[in-house]
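Visitor: I have a structure open here and would like to talk it through with you. Could we go over it piece by piece?

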Amino acid sequence: MILEAKSIFKTYKGINKELTVLDDINFTVLKGEILSIVGPSGSGKTTLLGLCAGLDHPTSGSISLAGSMISSLSENEKAEVRNRKVGFIFQNFQLLPTLTALENVMIPLELQGRAKGAKDKAEQLLERVGLGGRSHHYPSQLSGGEQQRVSLARAFSNDPEILFADEPTGNLDDETGAIVEKLLFDLNKEKQTTLIIVTHDLELANKTDRIIKLKGGKIVSDQFIKTDAQI
Amino acid sequence: MNWSLIVKTAIRDSRKDRSKLFLFMSSIILGVAALVAINSFNDNLVRDIENQSKSLLGADMTVGGNRPLTESLVASLDSLSTERTSELELFSMSYLPSKDESQFVRLKGLTGNFPYYGKLITEPKEAARTYKSELAALVDDGMMLQYGLEVGDSIKLGEVTFPITGRLMNAFGSVDAGASFAPSVYIGGQNVEATNLIQPGSLVNYKEYVKVYEDIDLDVWEDDRRQQFRNEAQRITTVEDQRENLQEAFSNLNNFLNIVALISLLLACIGVASSVLIYVKTKVQSIAILRCLGMKSEEAFMVYFLQIISLGTLSVILGVTMGSIIQVILPIVLKGFLPYEVNMSMSPNAMIKGFVMGVLITSLFALGPLLGIRRVTPLRTLRVSDDVQQRDPLQWLIYGFIFITITGFLFTLTDSLRDAFVFSVGILTAFLILYGVAKSVTWAVRKFFPSSASFVVRQGLSNLYRPNNQTLTLIVSIGLGTGILTLLFILQGLILNNVEDMGAGNQPNMIVFGIEADQKEEIEDLTKSFNMPIIQHVPVVTMELAAWKGKSKKDWLSDTTRTSRRWAINREARVSYQEEMPPDDILMKGTYTGTHNAGDSIFISLDERYSEGLNVEIGDELVWNVQGAMITTYVGSIRKINFRKLESRFFILFPIGVLEDAPQFLILVTKSPEKQITANFRNAVVKKMPNASVIDLGSILVTLNDIITKVSYVIKFMAGFSILIGLIVLISSLFLSKFQRIRESVLLRTLGAVEKQIYRINAVEYASLGILSALTGISLAVLGSYLLAKFVFELDFSLSWWPILGIFIFIVALTVIIGLWNSRDIVKRSPLEILRNV
């Protein structure tokens, strides 16, 4: 088991009353599993992703991620877990605008203190996502699809145990989306990474092993589609 | 911490954004440059004063007063000195027969080998050596040039005509501005008596220049005897005193330059804080990504701290270099204002001070906004709105350090911890008021939002309170900048006005003094024959205070508990008597007694400051020694004298009926309509009454005006420096604010807003910010300058509103123009291009 969420509540203080975004969430994810979280807007998908990835802390409940009780760690300890064990892909790419594609991919390795060899690995990954010739370009010089491919390369650069993807194709056209999607699943298969995708796209969700449906901050269904990833 | 990554990330991240920090750098460069230039100049001045005070004095020590030395004092000096030179100095009219002109001069009669240090420079050279032994005069070079005199011409001083044997190219001991009013003429001391210029009422100073035995400790000698000399109204000036006098003479210039340095530095601080704040805001997303990828908060903070501190240090170094170059230009600007040439050289002290202060201020003011980086949550990668803004306790610590640093810096300028604290609290209060105004504005606009206004106005106004608004940053930075600049402007005007007022309007411009009592009618007739009015014609009797409040002067002087001031006790009183109190004086206490009847007590009127100096009140007894005769009087009234009137002012006024038979001379005050009449009248007086002297206040005012012009030039040059930094700060704040509005404006454009609408929305926002900041800043400046004028400079407070209105319009226009210039970038380029760059 790589991820376990127990009795997760997340509430925000409103002007007059408390707003419950996540309401008693419980689930576990096994190593190598490919899982999607779906649900309508405002159902709490992104909040749940943020909590599981250690970007935020729950109001109550506990989360265990890759052997660490992430809900009780300090900010710096969570940062270390993210850097060593987690990879991210965002809908809006979230590349550092002042860094070249190559430097963006190198960053997680350099954060681990693995500067030696970081460049070679980053170059290989960029080559793998088809951007070998664009490694010295800045994000503003790349198209959306290219930016997301750099983001993919960056996500896999630190050999994460688990990868969180927030609407990875949400900002891309169908054709580009399909290329990115294929790359994501291919790389995931190569690296044997656990993958959690937050998406609206049921077609994409149906390509995963398991779908958790959220509504009004609660899990309304947790359905296993395949026993083994067959993409 | 992963230092190599921190350094690498800091360099990489700054690559594309260095231009955003250009304005941050320029405010530091200029602020530090001003500080270094001013400190270098001050250091050079102090060093030169140190080096030159001996040669400016011309001797180890001088002893002087308005009476000759007594025998016991001469004996005391003889035990000390290897050589002595006596000087007799008096102000008198001179007549230039070859030009038929007359001029008020400072006449110096010298015997002995003065100067002992430095050289009396004359043209021809040998004139300096020979003038004392023959009938000869050395005349100030400026006066020679003014009247077109040549060596070989003559000058009539009193009853003797002297051939001019040399031009006087330098002078000793004359560092006061008064030297400009009366040019110096040197003659041999033995020739003074023959001129017959020393009469009752003549302004005569006696001075001894002393060269001291090398093994004598002058400070110890002076400490032992200063009292003895003071009791005889003689003043000792040593090289050390001269140095202090020189420093005193320059203290106002120093103070002003120091204020400019402080203002420049404060403006630079605002520039640093506001540009770093906005820079950090533009970096929040990058910080969130780095945090998301596993960078610790301290590491993320360090990345940007390193960027800022390295660029800051580089700017400080550039500032130090620029300041060192400027200080070479300063003496050219100040030329003519200084009594001698100041040798400019690099001042390591000023450079180190500027560097340390620059780095300290940059770090502290940048740390405030930079600390916020530690609070940037990685969740921002998912949601922009999840940015929790909590007050960081460390930030309060930084604010505390900033307060201590500014107080410390002010302490080095003022030497008074209390003043430094009061000034710092003043600056803090101004900041808090601006903060309050910004907060009130965002609250008020939201609360009383004009829902029925047009789309453009609603958009523009809502920008004032929407998330990521720049209301606080811009109101505080523009307001503080405007406030400081306006304060400087108002104070400069007040100082100049107060001096210029002396020469303004229908003031008298000529004073004749030294008129003997039997020449009263003659001088009045002469004045009338020139069609000039007799504004004042009053008698003057010199006397000395012998006793007061039942104790003799000697007893008072040896009384260690006395509160009366020495200057008031030892003053040679020049007293007048008149029936009516001068109309411009203000009666503070008691009743003015104009006439004395035989047998009654004599009630006199004293000036407020003099009565305070002497510590006497209404009814107290004062006994005067009027050239041997003792007169007992009582304080009948206390007046406040209007010193800005250019008439004779008397600290002590007697009623008529007491002093009429005492030895006295007269002073006549008149007004000449034009220069030619002034010259003719002056010549007529010199010919008929060689004992009388005519002071042409007109020419003094011209000289004074010259000095004022030079001072105001210096003030304007240095203030210009501050204004330049202020403008750069304003512009930098506004330019950087563009990054706040760019996404909104681009979205509006994408949604179909036309060029005009974008411009108008921004115009409404920037105009509101400009008006509010300028109004608050100007109000603070008016309040601040009133308090400074009243409690620090002791000046009459008045405001001229037109220039202030000008400043207001300028600031608002500048804010709007830069705001619109920022929008230009958005309007002219495609939204996609900009969206990709954001």
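Visitor: To start with one residue, does A:Ala153 count as buried or exposed, and why?

Guide: Bear in mind that this is a predicted model. A:Ala153 counts as buried, because 28 C-beta neighbours lie inside 10 Å of it, and the cut-off for calling a residue buried is 20 or more.

Visitor: Where in the chain does A:Ala153 lie?

Guide: A:Ala153 belongs to helix H5 of chain A, which covers residues 144-157.

Visitor: And which residues does A:Ala153 touch, leaving out those up to four places away in sequence?

Guide: With those left out, A:Ala153 touches A:Val105, A:Leu125, A:Leu126, A:Arg128 and A:Val129. As for A:Leu131, its C-alpha is 9.6 Å from that of A:Ala153, and the two residues are 22 apart in sequence.

Visitor: Stepping back, what does the secondary structure of chain A come to?

Guide: Chain A has seven helices and ten strands. Of its 231 residues, 51% are buried, and if you take the contacts between residues at least 6 apart in sequence, 69% of them join residues at least 24 apart.

Visitor: How are the strands of the open sheet in chain A ordered?

Guide: Six strands make up that open sheet, in the order S6-S7-S8-S3-S9-S10, and their pairing is mixed. At the edges stand S6 (86-89) and S10 (218-224) of chain A, and each has a single partner strand, so one side of each has no neighbour in the sheet. From one strand to the next, the twist averages 15°.

Visitor: What about S7 and S8 of chain A, parallel or antiparallel?

Guide: Strand S7 (residues 162-166) and strand S8 (residues 194-198) of chain A are parallel and are paired over five bridges. Within that pairing, A:Leu163 of chain A has A:Leu195 in S8(A) opposite it.

Visitor: Moving to chain B, how many bridges join S1 to S9 there?

Guide: Five bridges join strand S1 (residues 61-65) of chain B to strand S9 (residues 204-212) of chain B, and the two strands run antiparallel. In this pairing B:Val63 has B:Glu208 in S9(B) as its bridge partner.

Visitor: Which residue stands opposite B:Glu208 in the pairing with S2?

Guide: That is B:Ser86, which stands opposite B:Glu208 in S9(B). Strand S2 (residues 81-96) of chain B pairs with S9(B) in the antiparallel sense, over nine bridges. B:Glu208 is therefore placed opposite B:Ser86 as well as being the bridge partner of B:Val63, and in general the strands of a sheet pair through backbone hydrogen bonds.

Note on methods. Residues numbered from 1 in each chain as written. Chains lettered and ligands numbered in written order. Predicted model: local features only at pLDDT ≥ 70, side-chain atom pairs only at ≥ 80, totals over all residues. Pairing = 2+ DSSP bridges. Helix = DSSP H or I, 4+ residues; strand = E, 2+ residues; numbered from the N terminus. Buried ≥ 20, exposed ≤ 12 C-beta atoms within 10 Å, placed from the backbone. Contact = placed C-beta atoms within 7 Å. Axes fitted to C-alpha atoms, helices over the stretch in contact; angles between N-to-C directions.
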